[in-house]
Amino acid sequence: MGSAVRAVRARRIVSADGEVPGLLRLRDGVVESIHPFDEMAGLVGLSEAEILTVDDSCVLLPGLVDTHVHVNEPGRTEWEGFATATAAAAAGGVTTLVDMPLNSIPPTTTKAGLQAKRTAATGQTQIDVAFWGGAVPGNVEDLEPLWNSGVVGFKCFLLPSGVEEFPPLSPTELHEAMARISSFGGLLIAHAEEQSVLDAAPAPNGRSYHDFMNSRPPAAESTAIALLLNAVRATGCRTHIVHLSAASALPLIAAAKAEGLPLTVETCPHYLVLTAETIPDGATQFKCCPPIREEANRELLWQALQDGLIDCVVSDHSPCTPDLKLLDVGDFGAAWGGIASVQLGLPVMWTAASERGLQLSDLVRWMAVRPAALAGLGLRGTLQPGASADFSIFAPDETFTVDVAALRYRNPISPYAATTLRGVVKQTYLRGELIDGKSVPGRLIERENAQQTGPQNDMQRSTS
């Protein structure tokens with residue numbers, strides 16, 4: 001990291017409310033004040049080296065906040081580690097990520113597991129990192145101690161997660177966990193697919209993507225979400241649905257929000273960009289759970305995002321070693337499910353959003369402001385007085401072709417390989433300092449102001 005920038009001038013500073021020219025004055029890594037672009041008084045006392053002027057072809061974006069990243073360290077660091085995951089995130093304009101509690105050994109289901117995570121991450125992170133806790137059978141008594149230790153909420157599965165260290169909750173266990181989490185004002189996030197529906201569906205058949213998609217039908221999500229919503233009604237627990245792929249569940253979500261239930265929902269770039277019709281048989285780099293569905297389903301997700309039924313867009317960066325993807329045989333039934341895209345989420349989304357006439361301010365709202373609010377991370381994802389000076393310089397009109405060799409996460413497999421995307425992240429700054437890839441300026445963080453506001457109140461403020 002070089003010396004800190006103390007002022008930033010840009011003719012396009014993007015917020016969730018739009019774009020304006022301006023000058024940001026920084027102090028100690030925080031936005032101190034905002035001035036008109038040409039107000040030289042905002043530069044008094046600064047040397048030329050302390051002033052960053054953004055090229056007119058670029059925009060100043062708040063650092064993105066990705067609340068769904070599987071880092072996997074310790075225990076499965078060969079899948080992904082903090083050094084590589086955070087380097088990839090920084091290259092994609094992400095300045096804060098929240099690590100998922102499973103796929104590492106031990107999982108983050110106890111205070112000891114959380115400490116193992118923090119120990120593993122210390123001295124490795126190029127961006128700031130917060131942590132989810134986990135809700136699994138038998139750890140109800142661990143939930144409040146984890147919350148008091150700073151986790152941002154608790155992940156659970158309603159069907160097997162794919163790793164034995166993180167088993168699913170039964171309906172009874174789900175209710176018990178949600179009641180406990182509600183008692184201290186916590187947040188539950190849920191992988192919502194119902195195993196009984198999957199059991200009744202056709203089994204995935206080798207290389208056929210169509211067969212794989214049909215093995216995880218939309219009804220699996222809708223059924224699980226209905227179960228989850230009943231538990232929300234019974235317990236009052238603040239609840240978030242992760243990686244929604246099935247548009248058939250949107251009426252349930254709309255009714256729940258109209259009812260006033262404390263519910264938020266995310267989806268992912270791959271569900272908004274890719275379609276089942278274009279995925280070749282045997283192309284297991286496209287496998288994720290729940291699956292990428294048809295174009296008509298994708299269009300309904302876009303509409304729900306624009307209508308506010310879906311709150312956030314996050315990566316669900318879920319990497320593994322190349323051998324587990326079975327790329328040589330292309331068996332969708334046996335391959336590991338997960339798409340690693342923390343580095344590409346911004347250009348993937350901008351390519352699709354700009355084609356639809358949407359604005360960068362929409363992406364800031366979906367990929368920065370709301371994820372930060374969900375996780376109770378205060379003013380992250382914004383550029384306003386009091387916010388951390390985390391931002392990227394983004395060239396929205398430049399294009400590039402995805403070269404997997406240029407991806408910085410540990411195992412660079414991507415369904416976007418050789419795809420031409422619009423929007424290039426030129427530089428990313430953390431607390432006003434350029435992330436240069438040589439130092440590790442990231443911090444391990446906890447949720448902010450949890451006792452006063454909590455994630456749901458923050459979410460309500462950010463979307464009003």
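Okay, one definition before anything else: when I say buried, I mean under 20% relative accessible area, exposed means over 50%, and partly exposed is in between. Keep that in your heads, because R431, at 13% relative accessible area, is buried by that cut-off. We'll come back to R431 in a bit.

Also, please remember that what you're looking at is a predicted model.

So, the overall picture. The chain has 14 helices and 17 strands. Its radius of gyration is 21 Å, and the globule rule gives 23 Å for 464 residues, so the chain is as compact as a globular protein of that length. If you lay a box along the principal axes, the C-alpha atoms fill roughly 70 × 50 × 40 Å. How much of the chain is buried? Buried residues make up 61% of the 464. And if you take the contacts with a separation of 6 or more, 75% of them are between residues 24 or more positions apart.

Now let's go to the salt bridges. How many does the structure hold? It's 23. I'll walk you through three of them.

Let's start with R431, as promised. R431 pairs with D128 in a salt bridge, and the closest N and O atoms are 2.7 Å apart. Where do these two sit? R431 is in the loop between β16 (420-430) and β17 (433-434), while D128 is in strand β8 (residues 128-131), so this pair ties together parts that are 303 residues apart in sequence. Both R431 and D128 are buried. And there's a bit of a crowd here: D128, R380, D390, R431 and E448 are linked in a network of salt bridges.

R431 has another quirk, in its backbone. Phi of R431 is near 50°, which is a positive value in a residue other than glycine. For background, most residues other than glycine have a negative phi, and most peptide bonds are trans. Hold on to that second half for later.

Next salt bridge: R216 with E193, where the closest N and O atoms are 2.9 Å apart. Here R216 lies in the loop between α6 (209-215) and α7 (218-235), and E193 lies in the loop between β11 (187-191) and α5 (195-200), so the parts tied together are 23 residues apart in sequence. Are these two buried or exposed? R216 has a relative accessible area of 16%, so R216 is buried, and E193, at 0%, is buried too.

The third one is E32 with R27, whose side chains meet at 2.8 Å, N to O. In this pair E32 is partly exposed, at 37% relative accessible area, and R27 also counts as partly exposed, at 48%.

Right, back to the backbone. Besides R431, look at A418. Phi of A418 is near 70°, again positive in a residue other than glycine. You'll find A418 in the loop between β15 (391-401) and β16. A418 is exposed, with a relative accessible area of 60%, whereas R431 is buried.

Then the peptide bonds. Which ones should you click on? One is I105 to P106, which is cis, with omega near 5°. P106 is in the loop between β7 (94-99) and α2 (111-121). Another is C289 to P290, also cis, with omega near 0°. P290 sits in the loop between α9 (269-273) and α10 (295-307).

Last stop: empty space inside. Rolling a probe the size of a water molecule over the atoms shows where empty space is left. Counting cavities of 30 Å³ or more, we get two.

The largest cavity has a volume of about 90 Å³. It has 13 lining residues, and the closest to its centre are L64, D66, V94, S315 and M367. Two elements give two or more residues to that lining: β6 (64-69) and α12 (345-355). The largest share, three residues, comes from β6. By class, the lining of this largest cavity divides into eight nonpolar, four polar and one charged.

The second largest cavity has a volume of about 70 Å³. Its lining includes Q285, K325 and N411, along with P319, C320 and I339. What does that lining look like by class? Six nonpolar, five polar and one charged.

If you open the model later, start at R431: buried, with a positive phi, and part of that salt-bridge network.

Key
Residues are numbered from 1 along each chain as its sequence is written. This is a predicted model: local features need pLDDT of at least 70, side-chain atom pairs count only at pLDDT 80 or more; totals for chains, interfaces and linings use all residues. Side-chain values use heavy atoms; hydrogens and water are left out. On a 1 Å grid over the protein atoms alone, a cavity is a set of points where a 1.4 Å probe fits but cannot get out, and a pocket is an open set with protein on both sides within 12 Å along at least five of seven lines; lining residues have an atom within 4 Å of a point. Grid points are joined across faces, edges and corners, and a volume is the space filled by probe spheres set on the points. Helices (H or I, at least four residues) and strands (E, at least two) are DSSP runs, numbered from the N terminus. Ala, Val, Leu, Ile, Met, Phe, Trp, Tyr, Cys and Pro count as nonpolar, Asp, Glu, Lys and Arg as charged, and the others, Gly among them, as polar. A salt bridge is a side-chain nitrogen of Lys or Arg within 4 Å of a carboxyl oxygen of Asp or Glu. Buried means under 20% relative accessible area, exposed over 50%, partly exposed in between (1.4 Å probe, protein chains only). The radius of gyration is taken over C-alpha atoms; the globule rule is 2.2 Å times the number of residues to the power 0.38. Contact means heavy atoms within 4.5 Å.
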